[in-house]
Amino acid sequence: MDVAYAPCYVLDVPEGHRFPMQKYALLKAQLLHEGVVEEGHFFTPGIMSEDTLLLAHDAEYWRRTRDGLWSRSEERRSGFPWSTTMVERERVIMQGTLECAERCLASGTVTMNIAGGTHHAYADRAEGFCILNDFAIASFHLLQKQIVKQVLIVDCDVHQGNGSALILADEPRVTTFSMHGASNYPLHKEQSDVDVPLLDGTSDEVYLHLLAEHLDRLIRDTCPDIVMYQCGVDILSTDKLGRLGVSMQGCAERDRMVFDACSTRDIPVVCAMGGGYSPDVNTVVQAHVNTFRAAQDAWT
Ligand SMILES: [Zn+2]
C-alpha cells in the first residue's frame with residue numbers, strides 16, 4: 001500500500017489556528033510504530049504543475065494565490081495565514097492525491113495520502129483550510145488523460161464537500177456523494193449528486209445504515225473506475241466541530257464498509273485524510289490509523 005507523505009505537510013501555523021497540523025507527522029510515526037505501514041511504502045510526491053491545477057481552478061484565482069494577493073477576508077476564509085510555504089505545501093498535497101490516484105489505478109488496490117481531502121476549495125476561492133481541491137483536480141486529470149471513464153467521490157467528512165460539489169456539478173463522469181452534518185459548516189451547502197444530511201448526535205447504527213444503503217446503490221449505478229474517499233474523522237463524537245455521535249468503532253466500521261465495498265468489486269481507491277478536531281490529537285491519529293488498517297485488511 002503506497003502512502004504519500006511529505007515533510008511540508010506539517011506547516012508551521014501560528015498559535016490560535018484550529019487546524020492540527022501536527023497530526024500528519026504523528027500519524028506517520030504511529031503507522032510505523034504499529035507496523036501498519038513500513039518505511040518503504042511511503043513516497044514523497046512532487047509539486048503539482050500549474051497546468052494541472054488549472055484543470056479545476058480559475059486562472060485569476062490561482063495567480064492571486066500564488067503571488068500572495070489575497071484580500072484580508074480571503075485569507076480569513078481560507079483559515080491559513082498566506083505564505084509561500086503554505087502555497088507550496090498545497091501544491092505538494094494536490095500532487096500527493098494525484099500520484100496516489102495513478103498508483104492505485106496501476107496496482108488495482110488502495111493508496112493513501114496523509115493529507116488532502118480539501119473539499120471546501122472552490123474553483124475561484126479558498127475556504128475552511130482548503131486552498132485547492134485535490135479530488136476535483138485528480139478527477140479532471142484522470143478523465144483528460146483517458147485513464148478512467150467514471151469517478152465516484154465518497155465524502156464522509158462531517159462537513160459537506162461544497163467545493164467539490166460545485167466544481168464538478170457539470171461533469172457527468174464524476175459523481176459526488178457527501179454524508180455530512182446537516183447543521184454543520186458550511187452554512188450554505190452546495191448540491192452534490194447525492195447528499196445525505198445527518199442530524200446532530202447521529203449514532204453509529206443510523207450512520208452505518210445510511211452509508212451502506214447509499215454506497216451499494218451508488219457503486220452499482222455509476223460503475224466507477226476509481227473511488228476517491230475523503231475519510232475525515234471529524235464524525236467522532238469527541239470532535240470539537242463534528243456534532244455527530246459516532247464512536248471510534250463506528251468510524252472504523254465506516255472505513256471498513258467503504259474499503260470492502262470497493263475491494264470486493266476490484267475498484268481501486270485513493271484515500272485522503274480530511275478533517276479531525278478531537279481535543280486530544282492522539283484520538284485523531286488513532287482514528288486515522290484505523291483507516292489505514294481497514295485499507296490494508298481489505299486488500300490482503
Ligand atoms: Zn471536516
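In this predicted model, tyrosine 229 and phenylalanine 259 are both buried. The rings of these two residues form an aromatic pair with edge-to-face geometry, the centres lying 5.5 Å apart and the planes meeting at 85°. Distant parts of the chain are linked by this pair: tyrosine 229 belongs to strand 7 (residues 226–230), phenylalanine 259 belongs to helix 9 (residues 248–263), and 30 residues separate them.

The pair just described is one of six aromatic pairs in the structure. Another of them joins tyrosine 5 and tyrosine 9, again edge-to-face, with 5.8 Å from centre to centre and 80° between the planes. Tyrosine 5 has a relative accessible area of 10% and is therefore buried, since the limit for that class is under 20%. Tyrosine 9 is likewise counted as buried, because its relative accessibility is 0%. Both residues also take part in a wider grouping, as Tyr5, Tyr9 and Tyr24 form one aromatic cluster.

Aromatic rings also meet charged side chains in this model. The charged end of arginine 103 is placed over the ring of phenylalanine 43, at 3.6 Å from the ring centre. A comparable arrangement is found at tyrosine 122, where arginine 125 lies over the face of the ring, 3.8 Å from its centre.

Attention now turns to the backbone. Tyrosine 185 and proline 186 are joined by a cis peptide bond, with omega at about 0°. Proline 186 of this bond is located in the loop that runs between strand 5 (174–181) and strand 6 (194–198).

Positive phi values are also worth a look. Phenylalanine 129 is not a glycine, yet its phi is positive, at about 70°. This phenylalanine is situated in the loop between strand 3 (110–113) and helix 6 (134–144). Is phenylalanine 129 buried or exposed? With a relative accessible area of 17%, phenylalanine 129 is buried, because the class takes in values under 20%.

Arginine 243, also a residue other than glycine, has a positive phi near 70°. The loop that holds arginine 243 lies between strand 7 and helix 9, and these are the elements that carry tyrosine 229 and phenylalanine 259 of the edge-to-face pair. The relative accessible area of arginine 243 is 46%, so this residue is partly exposed. By contrast, tyrosine 229 and phenylalanine 259 are buried.

Notes:
Residues numbered from 1 in each chain as written. Heavy atoms only, no water. Phe/Tyr/Trp six-rings, centres within 6.5 Å; stacked < 30°, edge-to-face > 60°. Buried < 20%, exposed > 50% of the residue type's maximum accessible area, 1.4 Å probe, protein only. Helix = DSSP H or I, 4+ residues; strand = E, 2+ residues; numbered from the N terminus. Lys NZ or Arg CZ within 6 Å of the ring centre and 35° of its normal.
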